[in-house]
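Visitor: Could you take me through one part of this model closely, step by step? I would like to follow how a helix pair is put together, and then look at a few single residues.

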Amino acid sequence: MKVAIIMGSTSDLDVMSQAIDTLADFGVEVEKRVISAHRTPDLMCEFAKTAKERGIGVIIAGAGGAAHVAGVVAGMTTIPVIGVPIRTQMMGGLDSLLSIVQMPSGIPVATVAINGARNAALLAVQILALSCPELSVKLDAFRKAQTQKVLDATI
């Protein structure tokens, strides 16, 4: 299964590249797109409605400001959607966070911290690992290495 990473603008790529790189570290295939909920709604609709047939298992959606990308996509698919609120100059990303996390009942979007693309990727890996033993082994090894790094730390 693949993970789709979508963002509302190319300006979001600096943050979303953390998810791309993390998924690459786990060997997860990634489909990347810039899709605006407001400027390209037809493209967003086509993307969401054809994601399953393209082998997408999780969608990570990053956007700033109004940040409607994750919510609009989630409304058109049953594939798990993880929203990444992008930091903004106006409100530091709080606007993005609230736009993503305040979804109506029945249309969930998992939401990570502001600029939390790396955690979004790790959550996607956890979801995919439920049905992929090879990925589950990689995730276990990652967690063990992370723990060991803390245990080995000296100050």
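Guide: Since this is a predicted model, what follows describes computed geometry. Helix H5, residues 117–129, packs against helix H6, residues 133–152, at an angle of about 135°, and the two axes lie 8 Å apart. Angles over 145 degrees would count as roughly antiparallel and those from 65 to 115 as roughly perpendicular, and H5 and H6 are therefore oblique to each other. Their crossing is left-handed. On the H5 side the contact is made by Arg118, Leu122, Val125, Gln126, Leu128 and Ala129, while H6 contributes Leu135, Ser136, Leu139, Phe142 and Arg143. By character, the residues of this contact divide into seven nonpolar, two polar and two charged.

Turning to single residues, Val84 sits in strand S4 and is buried because its relative accessible area, 0%, is under the 20% cut-off. Apart from neighbours within four places in sequence, Val84 is in contact with a set of residues that includes Val15, Met16, Ile60, Ile100, Val112, Ala117 and Ala120. Between Val84 and Ser99 there are 11 Å from C-alpha to C-alpha, at a separation of 15 residues in sequence.

Thr77 belongs to the loop that runs between helix H3 (69–74) and strand S4 (81–86). Thr77 is likewise buried, with a relative accessible area of 12%, and its side chain reaches the backbone nitrogen of Ile79 at 3.2 Å. Once its neighbours within four places in sequence are left aside, Thr77 is in contact with Ala48 and Ile59.

Key
Residues are numbered from 1 along each chain as its sequence is written. This is a predicted model: local features need pLDDT of at least 70, side-chain atom pairs count only at pLDDT 80 or more; totals for chains, interfaces and linings use all residues. Side-chain values use heavy atoms; hydrogens and water are left out. Helices (H or I, at least four residues) and strands (E, at least two) are DSSP runs, numbered from the N terminus. Buried means under 20% relative accessible area, exposed over 50%, partly exposed in between (1.4 Å probe, protein chains only). A polar contact is a pair of N or O atoms within 3.5 Å; within protein, one must be able to donate a hydrogen and the other to accept it, and residues adjacent in sequence count only if both atoms are side-chain atoms. Contact means heavy atoms within 4.5 Å. Axes are lines fitted to C-alpha atoms, for helices over the stretch in contact, and angles run from 0 to 180 degrees between N-to-C directions. Angles under 35 degrees count as roughly parallel, over 145 as roughly antiparallel, 65 to 115 as roughly perpendicular and the rest as oblique. A crossing is left-handed if the near helix is turned anticlockwise from the far one by less than a right angle, and right-handed if clockwise. Ala, Val, Leu, Ile, Met, Phe, Trp, Tyr, Cys and Pro count as nonpolar, Asp, Glu, Lys and Arg as charged, and the others, Gly among them, as polar.
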